[in-house]
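User: Please take a close look at one strand of this protein and at the parts that surround it. A formal, connected account would be most useful.

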Amino acid sequence: MKEELRGLVNKIIPMSVVDGEGNRMAIFFQGCNFNCKYCHNPETINLCNHCGHCVAGCPSGALSVEGGKVRWDWQKCIHCDRCIEVCPHNSSPKVRHYTAKELGEEMERAMPFIQGITTSGGECTLQWEFLVELYEEAHRRGLTAFTDTNGSLDLSQERYRPLVSASDGFLLDVKAWDIEEHRALTGRDNTVVLKNLSHLSHLGKIKEIRVVLLEGMDHGAILRGIGENATGLEKIDLKLISYRPFGVRKEYQYLRTITPDEKAQLVERARNMGFHRVIPV
């Protein structure tokens, strides 16, 4: 008998208005293959290596070591996030394995107040086979399913067709256009990201493109590249997000966003490109 798939989930936000159109349940998966300097939830990057560094400082006794592994008792947890603050590995012990059916039950608790779900992370597509099952649960309940992704998996490949087909839309991060800028920011190049921009937009699958506005980045090149490589801009939202240091690791809190005037110029330029909506944040 085939083993039932389980997704490794960091947290669930029952209702969110910033993760795609409408009110949506946002499900954050654990694990990411990028290491973005401005990551706002770096505790989702790596899997727990069970070092036990977080256990002693837990004020509610929700953490313990059993069989060489850190165990989290969610019923005792007071969600003070002390464990995340002291973790030296950009991880969290507060993760849970869910089946698609179990997450379907979580969806039902939020209905009828949500229009759909959005999977995020971390990088949710690293668990793409589980996402396909999860999206079937959402569709069964009349909900849409969006995928918030860094675009690092080549979704033009045949093996990922079930994910592309099951997803009602993608929220794609375009972090930089120049390959060296992207590598300096994330630790990885952006060849596949840009390939996905072209491929998914050609399929009409991109709902939203997200660009974080960071001082020193060539945002003009990003807008120019999107305009030259994406199709159907009139059906795509562009979200221009000012960098904010909340949740960012201390060593990267020196980063700054662009000036209000620079942002206004980018917003105007983007609007002239013909996006469905340009959303400054």
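**Strand β6 and its surroundings**

Analyst: M25 stands opposite I117, a residue of strand β6. The model is predicted, and this pairing is a convenient point of entry to β6. Strands β2 (residues 24-29) and β6 run parallel and are joined by 5 bridges. I117 also has a bridge partner in β7, namely A145. Strand β7 (residues 144-149) pairs with β6 over 4 bridges, again in the parallel sense. I117 thus has M25 opposite it and A145 as its partner in β7.

Is β6 enclosed by the structure or open to its surroundings? Of the 5 residues in β6 (residues 116-120), 5 are buried, so the strand is largely enclosed by the rest of the structure. In a regular strand, side chains alternate between the two faces of the sheet. In β6, G116, T118 and S120 point one way, while I117 and T119 point the other way, and all are buried. Both directions from the strand therefore lead to cover, as the buried state of 5 of its 5 residues shows.

The chain then continues from β6 towards β7. Together with helix α3 (residues 128-140), these two strands make a right-handed β-α-β unit. The loop between β6 and α3 contains G122, and the peptide bond from G121 to G122 is cis, with omega near 20 degrees. A further cis peptide bond, with omega about 10 degrees, joins M111 and P112. P112 belongs to the loop between α2 and β6.

Helix α2 (residues 100-110) is also part of this neighbourhood. Its buried residues are A100, L103, G104, M107 and A110. They cover an arc of only 110 degrees around the axis, which puts them on the same side of α2. The other side of the helix carries K101 and R109, which are exposed. Which elements do the buried residues of α2 pack against? They pack against β6 and α3, and also against β1 (7-16), β2 and β5 (96-98). Two of these partners, β6 and α3, belong to the right-handed unit described above, and β2 is the strand joined to β6 by 5 bridges.

Two loop residues before α2 deserve a brief remark for their backbone angles. D81, in the loop between β4 (69-72) and α1 (82-86), has a positive phi of about 65 degrees although it is not a glycine. N90, found in the loop between α1 and β5, likewise has a positive phi, near 55 degrees. D81 is partly exposed, with a relative accessible area of 32%; N90 is partly exposed as well, with a value of 24%.

To place β6 in its wider setting, the protein has 8 helices and 11 strands. Its radius of gyration is 19 Å, close to the 19 Å given by the globule rule for 281 residues, so the protein is as compact as a globular protein of that length. Of the 281 residues, 50% count as buried. Among contacts with a separation of 6 or more, 69% involve residues 24 or more positions apart; the bridge partners M25 and I117 lie in strands at residues 24-29 and 116-120. The protein exposes about 14000 Å², of which carbon and sulfur atoms supply 49%.

Methods. Residues numbered from 1 in each chain as written. Predicted model: local features only at pLDDT ≥ 70, side-chain atom pairs only at ≥ 80, totals over all residues. Heavy atoms only, no water. Buried < 20%, exposed > 50% of the residue type's maximum accessible area, 1.4 Å probe, protein only. Pairing = 2+ DSSP bridges. Right-handed = clockwise from strand over helix to strand, strands pointing away. Rg over C-alpha atoms; globule rule 2.2 N^0.38 Å. Contact = heavy atoms within 4.5 Å. Areas by Shrake-Rupley, 256 points an atom, 1.4 Å probe, with all protein chains shown as cover. Arc of directions from axis to C-beta.
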